[in-house]
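Q: Please take a close look at one helix and the parts packed around it. I would like the residues, the distances and the angles, with the cut-offs behind each term.

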Amino acid sequence: MVLQVERMPRIGAHLSVARGGLAGAAARARELGADIFQYFPKNPRSYRSKPVDKEELSRQAGRAAELGIPSVAHSPYVTNLSTIDEKLAEVTRESIVNDLEIAGAYRSAYLIVHCGRYVEAGAERGREAMVAAVRDILARYQGECRLLLENTAGQGTELGQTLEELAEVVRAIGGDDRLGICFDTCHAYAAGILDFDDLDGFVQRWRQTGMDRLVKVIHLNDSKYGFGSHKDRHEYLGRGMIGHERLSLFLRRPEFRTIPWLIETPVADETEYAGEISLARKLAGE
């Protein structure tokens, strides 16, 4: 399943499934004006696997489907695809397979995962570890949910901060159409690759690296810090260093309007996402 549309994207936000499960989150998404939402399949700060009650999760998915609101899952922040520590690597793989199984039972199209940090191993060894981990995860998981690698701001030893690096990792993994990319605007701006003063140049690299085929979801976030800061700090739409005008220029580009947008701004309460979603639609010219 590929969540794409012809003229305007689906727009939504990150919601909790702790209250009312997937069906409850879908109902809240509708109340907020969203037509898609993202969720954590389990505790975002834990590797611990969660039992998969496929029958119950399928019932929840059916209720969400009745509302016509699809979902996307996001793996816990602690997972590290780039570690060379064998014990941590195995725990990470088991955790992500568990996330894929939960997301698949919920009938979610995608599971988004961070690339991780190589720490003291060096970037080359970290990339090799990530490639091996993703290959193994996709071999263990036999379902249809797609795994999306998310670009990073390049904090510390994070991998995956450039389009070229992400494209190379996908090529190295090779062949599995269940692998794609999630593109985060805050991360790209902080990494120094999304230059709003040269959007034409960025779009050219977007096409050259195959992102027009690989990117399945866009995380729509403003940035608390400046261009090239390498600091991953999201801000409310229009209130950060990117701002209303630049976000509008991005959202009105045809290259990005056929991809679902998910907002992860630092709201104090989920109800604030109603304003963020409404603003995103206005910036996009809807």
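A: The buried residues of α7 are covered by parts that include α5 (163–173), β6 (179–184), α8 (211–214), β7 (215–220) and α9. Contact here means heavy atoms within 4.5 Å. Helices (H or I, at least four residues) and strands (E, at least two) are DSSP runs, numbered from the N terminus. This is a predicted model, in which local features need pLDDT of at least 70 and side-chain atom pairs count only at pLDDT 80 or more, while totals for chains, interfaces and linings use all residues. Residues are numbered from 1 along each chain as its sequence is written, and side-chain values use heavy atoms, with hydrogens and water left out.

The residues of α7 that are buried are L199, G201, F202, V203 and W206. Buried means under 20% relative accessible area, exposed means over 50%, and partly exposed is in between (1.4 Å probe, protein chains only). Just after α7, G210 has a positive phi of about 80°.

Two of these buried residues, F202 and W206, belong to one aromatic cluster, together with F183, Y189, F196, F227, F250 and F256. Rings of Phe, Tyr and Trp (its six-membered ring) pair if their centres lie within 6.5 Å; planes under 30 degrees apart count as stacked, over 60 as edge-to-face and the rest as tilted. By this rule the model has 13 aromatic pairs. One of them joins F37 and Y39, a tilted pair with 6.2 Å from centre to centre and 50° between the planes. F37 is buried at a relative accessible area of 0%, and Y39 is buried at 0% as well. The pair at α7 is F202 with F256: the ring centres are 6.4 Å apart and the planes are at 45°, so this pair is tilted. F202 lies in helix α7 (residues 199–208) and F256 in the loop between α9 (243–251) and β10 (261–263), so the pair ties together parts that are 54 residues apart in sequence. Both F202 and F256 are buried.

α9, one of the elements covering α7, also meets another helix. The axes of α9 and helix α10 (residues 273–283) come within 8 Å and cross at roughly 65°. Axes are lines fitted to C-alpha atoms, for helices over the stretch in contact, and angles run from 0 to 180 degrees between N-to-C directions. α9 is therefore roughly perpendicular to α10; angles under 35 degrees count as roughly parallel, over 145 as roughly antiparallel, 65 to 115 as roughly perpendicular and the rest as oblique. On the α9 side the contact is made by H244, L247, S248 and L251, and on the α10 side by L279, A280 and L283. By class, this contact has five nonpolar, two polar and no charged residues. Ala, Val, Leu, Ile, Met, Phe, Trp, Tyr, Cys and Pro count as nonpolar, Asp, Glu, Lys and Arg as charged, and the others, Gly among them, as polar.

Two charged side chains also sit over rings. The charged end of K231 is over the ring of Y225, 4.5 Å from its centre, and R239 lies over the face of Y236 at 4.2 Å from the ring centre. The rule is that NZ of Lys or CZ of Arg is within 6 Å of the ring centre and within 35 degrees of the ring normal.
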